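Student: I'd like to learn how to read a model like this one, feature by feature. Can we go through it together?

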Amino acid sequence: MSALFTRNRLIGLGLAALVALVDQAVKWYVIGPLKLRQVLHIDLLPFFDLTYTENRGVSLGMFEASSMETRWLLVLVTALIAGVVLVWMMRERLLGEIAGLALILGGALGNIHDRFELGYVIDYADFHIGTFRPFLIFNIADAAITIGVVIILARSLLVRDKGDTATGESPRGESHNA
């Protein structure tokens, strides 16, 4: 069992938990003390505001949960995806891959919590350049998922499996010695 919980995997689990907790703490702050749900919009910087939005769909608002059945279906599907990401993360050995997957997992858990408790995901981060908005309104969980996907894609395209020369194993645990 100790081979399953390596140092890198424990770091990954901790990072996922940290992302989920920070996401929930910031959501609590914007709807609690800042009362963003009531005021709907707070100007902060010339390029960044807080704008309250309830996202009842998934990416880009697609597959909107318009009934209790679709709400719980989205909870189930996103929980299954988070489970797949967790299994994938626990099979990896290199911290780069584990960190990317942990960001995805933590973000997914933060948004799953919202959908489970509220029926929608709270979004508030509104980045803009004048009236141009290159992104939809998002939250920390969404940002973590996006950064995690970019890390996984970048590593898969740019980093070669060099293996562990000390043990003769590749990062996936395959032996180079015949």
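Student: Let me start with a single residue: is E97 buried or exposed?

Tutor: This is a predicted model, so keep that in mind throughout. To call a residue buried, its relative accessible area has to be under 20%. E97 comes out at 11%, so it is buried.

Student: And which residue forms a salt bridge with E97?

Tutor: The general idea is that side chains of opposite charge can pair when their charged atoms come close. Here the partner is R155, with 3.3 Å between the closest N and O atoms. The two sit 58 residues apart, R155 in helix α5 (residues 140–158) and E97 in helix α4, so to speak a link between distant parts of the chain. R155 has 22% relative accessibility, so it counts as partly exposed.

Student: How many salt bridges are there in the whole structure?

Tutor: A search finds 5. Take R133 and D126, whose closest N and O atoms are 2.8 Å apart. D126 is at 2% relative accessibility and therefore buried, while R133, at 39%, is partly exposed. Salt bridges can also share partners, and that is how D23, K27 and D114 end up in one network. Then there's E54 with R56, at 2.7 Å from N to O. E54 has a relative accessible area of 31%, which makes it partly exposed, and R56 is partly exposed at 31% too.

Student: Let's zoom out. What order do the elements run in?

Tutor: From the N terminus on, read α-α-β-β-α-α-β-α. That comes to 5 helices and 3 strands. For the chain's wiring, look at contacts between residues at least 6 apart in sequence: 61% of those join residues at least 24 apart.

Student: Now the inside. Which residues have the most contacts in the largest nonpolar core?

Tutor: In soluble globular proteins, nonpolar side chains tend to be buried together. In this model the largest such core has 13 residues, and A82, V85, M89, L101, I104 and L105 have the most contacts inside it. Helices α3 and α4 (95–118) are the elements that give two or more residues to this core. The top contributor is α4, with 7 residues.

Student: What is M89 in contact with?

Tutor: Set aside the neighbours within four places in sequence, and M89 touches R9, G12, L13, I98, L101, A102 and L105. Apart from that core lies another one, of 8 residues, including V30, L50, Y124 and A125.

Student: How much of the chain is buried?

Tutor: Buried residues are 33% of the 178 in the protein chain. As for the outside, the accessible surface is about 10,800 Å², and carbon and sulfur atoms account for 69% of it.

Student: Which residues make a nonpolar patch on that surface?

Tutor: L73, L76, V77, L80 and I81 do, over about 460 Å². L76 belongs to helix α3 (residues 68–91), and its 48% relative accessibility makes it partly exposed.

Student: Last one: how many aromatic pairs are there, and how do I read their geometry?

Tutor: There are 5. You read a pair from the distance between ring centres and the angle between planes. F127 and F135 are 5.8 Å apart at 45°, so the pair is tilted. F135 and F138 make an edge-to-face pair, with 6.3 Å between centres and 75° between planes. F127 is partly exposed at 25% relative accessibility, as is F138 at 22%. Put together, F47, F127, F135 and F138 form one aromatic cluster.

Notes. Residues are numbered from 1 along each chain as its sequence is written. This is a predicted model: local features need pLDDT of at least 70, side-chain atom pairs count only at pLDDT 80 or more; totals for chains, interfaces and linings use all residues. Side-chain values use heavy atoms; hydrogens and water are left out. Patches are made of residues with over 30% relative accessible area and no salt bridge: like charges are joined within 9 Å, nonpolar side chains (Val, Leu, Ile, Met, Phe, Trp, Tyr) within 5 Å. Accessible areas come from the Shrake-Rupley method with a 1.4 Å probe; for residues, only the protein chains shown count as cover. A salt bridge is a side-chain nitrogen of Lys or Arg within 4 Å of a carboxyl oxygen of Asp or Glu. Helices (H or I, at least four residues) and strands (E, at least two) are DSSP runs, numbered from the N terminus. Buried means under 20% relative accessible area, exposed over 50%, partly exposed in between (1.4 Å probe, protein chains only). A nonpolar core is a set of buried Ala, Val, Leu, Ile, Met, Phe, Trp, Tyr and Cys residues joined through side-chain atoms within 4.5 Å. Contact means heavy atoms within 4.5 Å. Rings of Phe, Tyr and Trp (its six-membered ring) pair if their centres lie within 6.5 Å; planes under 30 degrees apart count as stacked, over 60 as edge-to-face and the rest as tilted.
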